Amino acid sequence: MASRLNRIAWALGLTLFTGLIAVGVAPAQSDRRSFGEPRAEATEGDRKIFAYGLQQFSRSWDEHDGVGERFNEHSCVGCHSVPMPGGSGSAANTFVLVSKDISDALGGHVFQRLQRTADGITELPAPSGASKRKPPMLFGLGLLDAVALRQPTTPAPGPDKITGRVGGTPAQPGRFGWKARIPDIKTFTATAFAQELGVGHTPGAPDYPDVAIEEIAAFGRLLGPPPGSPDKDDRAKAGERIFTEIGCAQCHTPSLKLTREAAAEPGQQPEIRAYTDLLLHNMGAALADGIVEGKAGPADFRTPPLWGVSASGPPYLHDGRAHDLPEAIGMHDGEARNTRLRWEQLSPSDRDALIRFLQTL
């Protein structure tokens, strides 16, 4: 098995190497970055690995590749394409449906909407009580995977004394997914293959999905963070101050420290500015989806990173119910209730400044 995988990996590498120009990965970094590029500190070897993974991320999978009778999409980029491969999804059919009445071996609740039959592929009706989930943006995924994740022992700095909770299970803490169930990039990728692409290990199926999972995980690990805006005008600077004053930074923590090992990598900074704590928070009954995943209850959600938020929507929130950023802020409740009330008390110019700040991230 291992030798066969090695041969397949070599063949894929040889084939995909010829596609480096096609995927548009330039041989060197410039000072001006954009969405979908490798991380700035990536070596030439990293960039080749990134290109191989991007090819796999963009390819279509079918029954000849081990896709079963039920699935959600034909490719990773089918859901993660806005504004570039690795981004989010905004079209209706990119939203995943979840239901508390569904449970699979991976601990998920994903409803697979597409059914292969002898007459073709049909879309199945949603189960009763289903909730939508928006595909998350994957930019900077490897940096989030390298954050030193630990349970806080004191509340976050701010007016409301909020303390988030590490997701996952006691045996395997989680940091990815809307409910922080998934522990790392490799599991994140393998879970997507099984739940979204419907690729399984069936008798007679090819082995190369195993190689693809490895290569796509490497692509996600090397995918650079959103470029952000290098310069903030006075209005954005005022919005940054308001962001902290009304309590947004209690959960959307501006900076996170990487593990000592990750920070020691050549060219890597010791902290990232992702505007998340990667922790679970109760967001109130109105946003609850009825799903329990590990330590996350029906109203618990992981704080989504805000870097690149202006490119991740509209729509916003886990189920896309918010049409713009002001509406998304106005729907915060639970632990974020007091922050929302302060937002509502802001003057129109102060609200505008805060939104302007978010658009620079």
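Q: Leaving aside neighbours within four places in sequence, with which residues is A236 in contact?
A: In this predicted model, A236 has its place in helix α6. A236 is buried, with a relative accessible area of 0%. Once the neighbours within four places in sequence are set aside, the residues in contact with A236 are A353, R356, F357 and T360.

Q: What distance separates the C-alpha atoms of A236 and L358?
A: Along the chain, A236 and L358 are 122 residues apart. L358 belongs to helix α10, whereas A236 belongs to helix α6. The separation of their C-alpha atoms is 8.0 Å.

Q: Against which helices do the buried residues of α10 pack?
A: Helix α10 covers residues 348–358, and A353, L354, I355, F357 and L358 are buried there. A353 and F357 are also among the contacts of A236, a residue of α6. The buried residues of α10 pack against α6 (234–245), α8 (325–330) and α9 (337–345).

Q: Is H252 buried or exposed?
A: H252 is found in the loop between α6 and β9 (256–257). A residue counts as buried under 20% relative accessible area. The relative accessible area of H252 is 12%, so H252 is buried.

Q: Which backbone oxygen lies 3.1 Å from a polar atom of the side chain of H252?
A: H252 touches F243, Y275, T276, T303, P304, L306 and H332, when residues up to four places away in sequence are not counted. The side chain of H252 reaches the backbone oxygen of P304 at 3.3 Å. The backbone oxygen at 3.1 Å from a polar atom of this side chain is that of Y275.

Q: What is the approximate phi of Y275?
A: Y275 lies in the loop between β10 (271–272) and β11 (280–282). Y275 counts as buried, because its relative accessibility is 4%. Although Y275 is not a glycine, its phi is positive, at about 60 degrees.

Q: Where in the chain does A180 lie?
A: A180 has a positive phi, near 50 degrees, and is a residue other than glycine. A180 is buried, with a relative accessible area of 0%. Its place is the loop between β8 (173–174) and α4 (185–195).

Q: How much space lies in the largest cavity?
A: A search of the whole structure finds 2 cavities of 30 Å³ or more. Of the 46 residues that line the largest cavity, the closest to its centre are W178, H252, P304, P305 and L306. The space in this largest cavity is about 900 Å³.

Q: Which element gives the most to the lining of the largest cavity?
A: The elements that give two or more residues to this lining are α3 (141–145), β12 (300–302), α8, α9 and α10. The most, with 3 residues, comes from α8.

Q: Which strands stand at the edges of the sheet β1-β4-β5?
A: This open sheet is formed by 3 strands, and the pairing is antiparallel. Strand β4 (residues 114–117) is joined to β5 by 4 bridges, and R116 stands opposite I121 in β5. Each edge strand has a single partner strand, so one side of it is left without a neighbour in the sheet; the edge strands are β1 (70–71) and β5 (120–123).

Q: What is the bridge partner of V98 in β6?
A: An open sheet of 3 strands has the order β3-β2-β6, with antiparallel pairing. Its edge strands, β3 (110–111) and β6 (131–133), each pair on one side only. Strand β2 (residues 96–98) and β6 pair over 3 bridges. In β6, the partner of V98 is S131.

Q: What is the approximate omega of the cis peptide bond that joins G313 and P314?
A: P314 has its place in the loop between β12 and α8. Another cis peptide bond joins V82 and P83, with omega about 0 degrees, and P83 lies in the loop between β1 and β2. For the bond that joins G313 and P314, omega is about 5 degrees.

Q: What percentage of the residues of the protein chain count as buried?
A: The protein chain has 10 helices and 12 strands. It exposes about 17,100 Å², of which carbon and sulfur atoms supply 55%. Of the 361 residues of the chain, the share that count as buried is 49%.

Conventions
Residues are numbered from 1 along each chain as its sequence is written. This is a predicted model: local features need pLDDT of at least 70, side-chain atom pairs count only at pLDDT 80 or more; totals for chains, interfaces and linings use all residues. Side-chain values use heavy atoms; hydrogens and water are left out. Buried means under 20% relative accessible area, exposed over 50%, partly exposed in between (1.4 Å probe, protein chains only). Contact means heavy atoms within 4.5 Å. Two strands pair if DSSP finds at least two bridges between them. A polar contact is a pair of N or O atoms within 3.5 Å; within protein, one must be able to donate a hydrogen and the other to accept it, and residues adjacent in sequence count only if both atoms are side-chain atoms. Accessible areas come from the Shrake-Rupley method with a 1.4 Å probe; for residues, only the protein chains shown count as cover. On a 1 Å grid over the protein atoms alone, a cavity is a set of points where a 1.4 Å probe fits but cannot get out, and a pocket is an open set with protein on both sides within 12 Å along at least five of seven lines; lining residues have an atom within 4 Å of a point. Grid points are joined across faces, edges and corners, and a volume is the space filled by probe spheres set on the points.
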